[in-house]
Amino acid sequence: MRMRQKMMVVAGVIAAGAMLAGCSGETTANPSSPGAEQVASPSASATEPSDSGDAGSDDLGVGVAVDEVRDGLWQVGDAGEVNFSADGGSLSLGDATPADGWEHRVADDKPDEIEVHFVRGDQRWKFEVELENGTMQISKQLTITNAKSGSYSVGSIATLEFRADGDAFTVENVQHNQGWPIEKTDEDSGSVEVSFRMPDGAGSAEFEAERDAGVVTVEISQKLRRALG
């Protein structure tokens with residue numbers, strides 16, 4: 001989803017707890033991210049995140065977590081699994097298996113790139129692996145159409161509260177791991193973005209929301225790149 005350029009809003013920082021999630025399988029690289037920070041926008045409230053009715057749940061976005069760079073079996077949220085190998089500097093897709101009720105499509109299956117999509121109703125998942133200059137990058141992306149206000153997770157590195165009040169979009173109570181500092185927070189009429197980046201540039205994550213033709217769409221992504229071998 002392509003987001004418009006917006007005005008930067010600097011968020012404040014106070015201490016809070018961390019939230020961690022990960023992927024199973026043999027690890028070849030796993031970044032450390034101890035501790036957490038909480039960032040509240042000027043309009044942030046002290047209330048607990050709402051998780052009732054059709055509001056967003058912080059379970060949405062947990063499956064976006066990419067905490068290691070490896071081949072093997074990967075879970076893609078609740079949508080399905082992707083199994084691939086990276087031998088001799090070349091990618092090979094084994095299986096892409098959707099969960100019950102989900103449909104899937106292999107968008108790319110090349111020696112340097114694998115991309116698999118899963119779709120069910122208003123949710124779309126994308127799992128992607130790329131090889132470039134001796135490094136491997138793994139990314140997951142969740143897109144939710146007809147998204148509601150509520151609590152969301154940004155993979156394993158942050159939680160936040162998203163509010164859509166007409167054309168006014170806000171993000172509040174951002175809690176994130178110290179190893180993934182906030183890069184920017186942009187708010188504009190009908191759109192909002194919060195992005196995170198590791199200090200060494202190896203990992204990034206984003207929460208984005210916008211309204212188009214009256215429909216609110218939320219996109220959550222996390223990616224990590226490491227050297228092979």
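Strand S10 (residues 150-154) is largely enclosed by the rest of the structure, because five of its five residues are buried. This description rests on a predicted model. One residue of the S10 region, Tyr 152, belongs to an aromatic cluster together with Phe 162, Phe 169 and Phe 207. Elsewhere, three strands form an open sheet, and a search of the whole structure finds nine salt bridges.

**Strands S10 and S11**

- Strand S10 pairs with strand S11 (residues 158-165) in the antiparallel sense, over five bridges.
- Within this pairing, Tyr 152 stands opposite Leu 160 in S11.
- Three residues lie between the strands in the hairpin of S10 and S11, where Gly 155 takes a positive phi near 55°.
- Thr 159 lies in strand S11. Thr 159 counts as buried because its relative accessibility is 15%, and the cut-off for a buried residue is under 20%.
- Thr 159 and Asn 177 are 18 residues apart along the chain, and their C-alpha atoms are separated by 9.6 Å.
- In a regular strand, side chains alternate between the two faces of the sheet.

**Aromatic residues**

- The whole structure contains six aromatic pairs, according to a search. One of them joins Tyr 152 and Phe 207: the ring centres are 5.6 Å apart and the planes stand at 55°, so the pair is tilted. For a tilted pair, the angle is neither under 30 degrees nor over 60.
- This pair links distant parts of the chain, since Tyr 152 is in strand S10 and Phe 207 is in strand S15 (residues 203-212), 55 residues apart.
- Tyr 152 and Phe 207 are both buried.
- Phe 162 and Phe 169 form an edge-to-face pair, with 5.3 Å from centre to centre and 90° between the planes.
- Phe 162 is buried, because its relative accessible area is 0%. Phe 169 is likewise buried, with a relative accessible area of 3%.
- The four residues Tyr 152, Phe 162, Phe 169 and Phe 207 form one aromatic cluster.

**The open sheet S3-S4-S5**

- The strands of this open sheet follow the order S3-S4-S5, and their pairing is antiparallel. Strand S3 (72-76) and strand S5 (90-98) are the edge strands, each pairing on one side only.
- From one strand to the next, the twist averages 20°.
- Five bridges connect S3 with strand S4 (residues 80-87) in the antiparallel sense. Gln 75 has Glu 81 in S4 as its bridge partner.

**Arg 70 and its partners**

- Arg 70 meets Glu 68 in a salt bridge between their side chains, at 2.8 Å from N to O.
- The charged end of Arg 70 also sits over the ring of Trp 74, 4.3 Å from the ring centre.
- Both members of the salt bridge are buried: Arg 70 has a relative accessibility of 1%, and Glu 68 has a relative accessibility of 2%.

**Further salt bridges**

- The nine salt bridges found in the whole structure include one between Glu 161 and Arg 163, whose closest N and O atoms are 2.8 Å apart.
- Glu 161 is buried, with a relative accessible area of 1%, whereas Arg 163 is partly exposed, with a relative accessible area of 25%.
- Another salt bridge joins Arg 197 and Glu 183, with the closest N and O atoms 3.2 Å apart. Their pair links distant parts of the chain: Arg 197 is in strand S14 (residues 191-197) and Glu 183 is in strand S13 (residues 182-188), 14 residues apart.
- Arg 197 counts as partly exposed because its relative accessibility is 35%, and Glu 183 counts as partly exposed at 44%.
- Lys 184, Asp 186 and Glu 193 are joined into one network by salt bridges that share partners.

**His 176 in strand S12**

- Strand S12 (residues 168-177) contains His 176.
- His 176 counts as buried, because its relative accessibility is 2%.
- The side chain of His 176 reaches the backbone oxygen of Trp 180 at 3.1 Å.

Technical notes: Residues are numbered from 1 along each chain as its sequence is written. This is a predicted model: local features need pLDDT of at least 70, side-chain atom pairs count only at pLDDT 80 or more; totals for chains, interfaces and linings use all residues. Side-chain values use heavy atoms; hydrogens and water are left out. Two strands pair if DSSP finds at least two bridges between them. Helices (H or I, at least four residues) and strands (E, at least two) are DSSP runs, numbered from the N terminus. Axes are lines fitted to C-alpha atoms, for helices over the stretch in contact, and angles run from 0 to 180 degrees between N-to-C directions. Buried means under 20% relative accessible area, exposed over 50%, partly exposed in between (1.4 Å probe, protein chains only). A polar contact is a pair of N or O atoms within 3.5 Å; within protein, one must be able to donate a hydrogen and the other to accept it, and residues adjacent in sequence count only if both atoms are side-chain atoms. Rings of Phe, Tyr and Trp (its six-membered ring) pair if their centres lie within 6.5 Å; planes under 30 degrees apart count as stacked, over 60 as edge-to-face and the rest as tilted. A charge sits over a ring if NZ of Lys or CZ of Arg is within 6 Å of the ring centre and within 35 degrees of the ring normal. A salt bridge is a side-chain nitrogen of Lys or Arg within 4 Å of a carboxyl oxygen of Asp or Glu.
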